[in-house]
Each structure stands twice: as structure tokens, then as C-alpha cells.
Amino acid sequence: MIKAIVHVDKNWGIGRGNDMMFSLPKDMKFFRETTLHHTVVMGGNTLRSFPGGKPLKNRVNIVLSRGHVCDECIFVRDYEALKRELKTRKTEEIFIIGGGQIYKELLPYCEEVLVTKVDAVGGAEVFFPNLDEDVNFDCVDEGTPVEDNGYTIRFTTYKNRQVKPL
Ligand SMILES: NC(=O)c1ccc[n+]([C@@H]2O[C@H](COP(=O)([O-])OP(=O)(O)OC[C@H]3O[C@@H](n4cnc5c(N)ncnc54)[C@H](OP(=O)(O)O)[C@@H]3O)[C@@H](O)[C@H]2O)c1
């Protein structure tokens, strides 16, 4: 099953300056626990935004890039190669982890989207598609407010009514 996992601000913003907008320990814990030992898919910018440009530990890291090389990752050069790779992993839990370009392109293939909503405006330059305006997506869990490093966050879940096959 393919899912996306993301945190967004009030405007569905996800990042600026190739970095996150907020430091959210509880959301980081949720992200780690949810994705651990599974497969994560990201774009080159997101990989470069990690400390030392290193992939995430204890997960299979698939990176879409036109040129970047990293020994601990599976690199794919275009979306066709990515889809071929994902088709070989049909039984695995696959998480699309960003960033903006990759979310937008792969959203139709996601059965579920785990959206952590941050009740703040982060001055984003990169955005996630607004799922509340997408007729294909239903919010099936609105979560409850939780305090995280001075921010109010909610762990919400959206389901895709029309999942596109790979
Ligand atoms: N809030 C969250 O949950 C969250 C999660 C993840 C990321 N983010 C944020 O999102 C931002 C990064 O997003 P982004 O949209 O700039 O970048 P991105 O989606 O992470 O990566 C874009 C890169 O993917 C590769 N790519 C894209 N289309 C391709 C294609 N058709 N063929 C081959 N390679 C392709 C290219 O990599 P190369 O340049 O290597 O060729 C491109 O530069 C950062 O601010 C990051 O912190 C936020």
C-alpha cells in the first residue's frame, strides 16, 4: 500500500529554504514510528535537506533524482523507473515523504495521506495540494489537538476514493 505522510501549516505549506518550517518533536516521533522498517520515497531536494544529506536509518530509501549519488539509497532517474521499482514492492508499506514535487506527482497513487496539521502559518515556499478542495479525498480522521513545542497540531487521515494504479 502506498501512503503519503506530511505536515502542513494552515495554508498547506510544507517548507521553505529547502528546510522544514517548524520543529515538532511529537510529529517527528510519529513520522519515525510510522515509517520505521518500511520503504520511503523522496525527491533529491528532500534528501539534501536531511542532516549531512544522509538517508533515513532503518528504512529503504528510494530517491528520485537526475544526478545525485548516495550509496545507501536506491536511486531512480525518472518517474517510469520509480514506478517500476514500486511495482516490485507491492507487498510493502511505502511512504511518500516529500517534498513538494514528489507529493504532487505521486498523490494519485496514494491510498491514504497522513497529514499532521499545524495551527500556524510558516511562511512556506513549497506547498502540498489542498486535500480539502480535492473531491477525490475524504478526511476520515480529523484527530484531536495536541501541543507540540508551542504549536497545536492534529494527526489527520485522508483517504483517496480513486487510487490510480502504478
Ligand atoms: N512538511 C513536510 O512534511 C515535508 C516533507 C518533506 C519535505 N518537505 C520540504 O519540502 C521542500 C522540498 O520540496 P521540493 O518540491 O523543493 O523538492 P523534492 O520534491 O524533495 O525534490 C525535487 C527533486 O526531485 C528530483 N525530481 C523531480 N522530478 C523529477 C523527474 N521527473 N525526474 C527525475 N528527478 C526528478 C530532482 O532532484 P535532483 O535535483 O537531485 O535531480 C528535483 O530537484 C523542503 O523545504 C523540505 O523541507 C516538507
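Is N18 buried or exposed? Look for the answer in the third view below; the model shown throughout is a predicted one.

**View 1. The whole chain, before zooming in.**
Start with the full fold, which is built from four helices and eleven strands. The C-alpha trace spans about 40 × 35 × 25 Å along its principal axes. A compact globule of 166 residues would have a radius of gyration near 15 Å, and the chain agrees because its own value is 15 Å. Of the 166 residues, 33% count as buried. Take the contacts between residues at least 6 apart in sequence: 65% of them join residues at least 24 apart.

**View 2. The shell around the ligand.**
Here we zoom in on the ligand, which has 29 residues around it. The closest are G15, G43, G44, G98 and G99. Sorted by class, the shell holds nine nonpolar, 15 polar and five charged residues. Which elements each supply at least two residues of this shell? They are β1 (2-8), β2 (13-15), β3 (39-43), α2 (44-49) and α4 (100-106). Helix α2 gives the most, with four residues.

**View 3. Two loop residues with positive phi.**
Back to the opening question: N18 is exposed, because 12 other C-beta atoms lie within 10 Å and a count of 12 or fewer puts a residue in that class. You'll find N18 in the loop between β2 and α1 (25-35). Its backbone deserves a look too, since most residues other than glycine have a negative phi. Phi of N18 is near 45°, a positive value. H37 also has a positive phi, near 70°. This residue sits in the loop between α1 and β3. H37 counts as exposed because it has 9 C-beta neighbours inside 10 Å.

**View 4. A cis peptide bond beside the ligand.**
Most peptide bonds are trans. The one from G98 to G99 is cis, with omega near 0°. G99 is in the loop between β6 and α4. Both glycines have already turned up in View 2, among the closest residues to the ligand.

**View 5. The largest nonpolar core.**
In soluble globular proteins, nonpolar side chains tend to be buried together. In this chain, the largest nonpolar core has 36 residues. Which residues have the most contacts inside it? Look for A4, V6, V41, I96 and Y103. The elements giving two or more residues to this core are β1, β3, β4 (60-64), α3 (79-87), β6 (94-96), α4, β7 (112-118) and β11 (151-160). Strand β1 gives the most, with five residues.

**View 6. Y103 and its contacts.**
Stay in the core and pick out Y103. Leaving aside residues up to four places away in sequence, Y103 touches A4, V6, I96, G98 and F128. A4, V6 and I96 are old friends from View 5, listed with Y103 among the residues with the most contacts inside the core. G98 starts the cis peptide bond of View 4.

**View 7. R89 and a partner from another part of the chain.**
The last close-up is of R89, in the loop between α3 and β6. What does R89 touch, once residues up to four places away in sequence are set aside? It touches T39 and I94. R89 and T39 are 50 residues apart in sequence, but their C-alpha atoms are 8.8 Å apart in space. R89 is partly exposed, because it has 16 other C-beta atoms within 10 Å.

Technical notes:
Residues are numbered from 1 along each chain as its sequence is written. This is a predicted model: local features need pLDDT of at least 70, side-chain atom pairs count only at pLDDT 80 or more; totals for chains, interfaces and linings use all residues. A residue is near a molecule or strand if its C-beta atom, placed from the backbone, lies within 6 Å of it. Ala, Val, Leu, Ile, Met, Phe, Trp, Tyr, Cys and Pro count as nonpolar, Asp, Glu, Lys and Arg as charged, and the others, Gly among them, as polar. The radius of gyration is taken over C-alpha atoms; the globule rule is 2.2 Å times the number of residues to the power 0.38. A residue is buried if 20 or more other C-beta atoms lie within 10 Å of its own, exposed if 12 or fewer, and partly exposed in between; C-beta atoms are placed from the backbone. Two residues are in contact if their C-beta atoms, placed from the backbone, lie within 7 Å. A nonpolar core is a set of buried Ala, Val, Leu, Ile, Met, Phe, Trp, Tyr and Cys residues joined through C-beta atoms within 7 Å.
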